[in-house]
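Subject: A structure for you to look through

Hi there,

I am handing over a structure that I have been looking through. Please open it beside this message and follow along.

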Amino acid sequence: HNLPFETDAFDVIVFPESIGYMRLNRVIKESRAVLRQNGKLIILTFAPHKGRIDKLYRCYPLDGLIKILSSNSFRIEQSELTSLILTKTKFIYIEAT
C-alpha cells in the first residue's frame, strides 16, 4: 500500500492471487489512482471455499469484488468463477477498466 508511483502511471495492473493479502478497499482505490485512463485491472484470486489457502489470505466473493470495483469507478469487462478439475479449488477472474 501507499504506492510510490505517480498518478496515471500504468496501462495494466495485475493481481495474480495476491489481492487476498491486501486491504481490498485501499488497494482498489490506489490502483484506480495509478492506472491510466482506459487502463486495465486484472484480478485472479481464490474464491471462498471450504478449507483455507493460508490463514492470512482473505477470499472474496465475486459479487463483493464487483461491488468494490464499481464503487471505485471501474467498469467490469469480464468476470468469471471457475474451478480446477483436479483440486476443485475455485478461482475468480476479473478484467476491469
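Below is what I found, going from the sheet and its helices to single residues. Please keep in mind that this is a predicted model.

**The sheet**

Let us begin with the strands. Strands of a sheet pair through backbone hydrogen bonds, either parallel or antiparallel. Here there is an open sheet of 4 strands, and its pairing is mixed. Reading across the sheet, the order is β1-β2-β4-β3. Which strands stand at the edges? They are β1 (10–16) and β3 (76–83); each has a single partner strand, so one side of each is left without a neighbour in the sheet. From one strand to the next, the twist averages 5 degrees.

Now look at β1 and its partner. Strand β2 covers residues 35–46 and runs parallel to β1, with 6 bridges joining the two. You can pick out individual partners here: isoleucine 13 stands opposite leucine 41 in β2, and valine 14 has isoleucine 42 of β2 as its bridge partner. When you look at neighbouring residues like these, a general point helps: in a regular strand the side chains alternate between the two faces of the sheet.

**The helices**

Next come the helices that go with the sheet. Helix α1 (residues 24–34) packs on the sheet and touches β1 and β2. Its direction makes about 150 degrees with that of β2. Together, β1, α1 and β2 make a β-α-β unit, and the unit is right-handed. Helix α2 (residues 62–71) lies across β2, β3 and β4 (90–96), and runs at about 20 degrees to β4.

**Aromatic rings**

The rings are worth some time too. A pair of aromatic rings is described by the distance of the centres and the angle of the planes. How many aromatic pairs does the model hold? The count comes to 4. One of them joins phenylalanine 5 and phenylalanine 10, edge-to-face, at 4.9 Å centre to centre and with 85 degrees between the planes. Phenylalanine 5 has a relative accessible area of 43%, so it counts as partly exposed. Phenylalanine 10 is also partly exposed, at 27% relative accessibility.

Tyrosine 21 and tyrosine 57 form another edge-to-face pair, with 4.9 Å from centre to centre and 85 degrees between the planes. This pair links distant parts of the chain, as its members are 36 residues apart. Tyrosine 21 is in the loop between β1 and α1, and tyrosine 57 is in the loop between β2 and α2. Are these two rings' residues buried or exposed? Tyrosine 21 is partly exposed, with 43% relative accessibility, whereas tyrosine 57 is buried, at 3%. Both belong to one aromatic cluster, made up of Tyr21, Phe46, Tyr57 and Phe91.

One more ring has a charge for company. The charged end of arginine 32 sits over the ring of phenylalanine 74, 3.9 Å from the ring's centre.

**Two backbone angles to look at**

Which residue in strand β2 has a positive phi although it is not a glycine? That is asparagine 38, with a phi of about 65 degrees. Asparagine 38 is exposed, at 66% relative accessibility. Serine 73 also has a positive phi, near 65 degrees, and is a residue other than glycine. Serine 73 sits in the loop between α2 and β3 and is exposed, with 58% relative accessibility.

**Two residues that touch**

Last, compare a residue in β1 with one in β2. Aspartate 11 lies in strand β1 and is partly exposed, at 48% relative accessibility. Leaving out residues up to four places away in sequence, aspartate 11 touches Leu35, Arg36, Gly39 and Lys40. Its C-alpha atom is 8.6 Å from that of leucine 41, although 30 residues separate them along the chain.

Leucine 35 is in strand β2. With a relative accessible area of 2%, leucine 35 is buried, because buried means under 20%. Beyond its neighbours within four places in sequence, its contacts include Asp11, Val12, Ile13 and Phe74. Leucine 35 and leucine 69 are 34 residues apart in sequence, and their C-alpha atoms are 13 Å apart in space.

Enjoy looking around!

Best wishes

Methods: Residues are numbered from 1 along each chain as its sequence is written. This is a predicted model: local features need pLDDT of at least 70, side-chain atom pairs count only at pLDDT 80 or more; totals for chains, interfaces and linings use all residues. Side-chain values use heavy atoms; hydrogens and water are left out. Two strands pair if DSSP finds at least two bridges between them. Axes are lines fitted to C-alpha atoms, for helices over the stretch in contact, and angles run from 0 to 180 degrees between N-to-C directions. Contact means heavy atoms within 4.5 Å. A crossover is right-handed if, with the strands pointing away from the viewer, the path from the first strand over the helix to the second runs clockwise. Rings of Phe, Tyr and Trp (its six-membered ring) pair if their centres lie within 6.5 Å; planes under 30 degrees apart count as stacked, over 60 as edge-to-face and the rest as tilted. Buried means under 20% relative accessible area, exposed over 50%, partly exposed in between (1.4 Å probe, protein chains only). A charge sits over a ring if NZ of Lys or CZ of Arg is within 6 Å of the ring centre and within 35 degrees of the ring normal.
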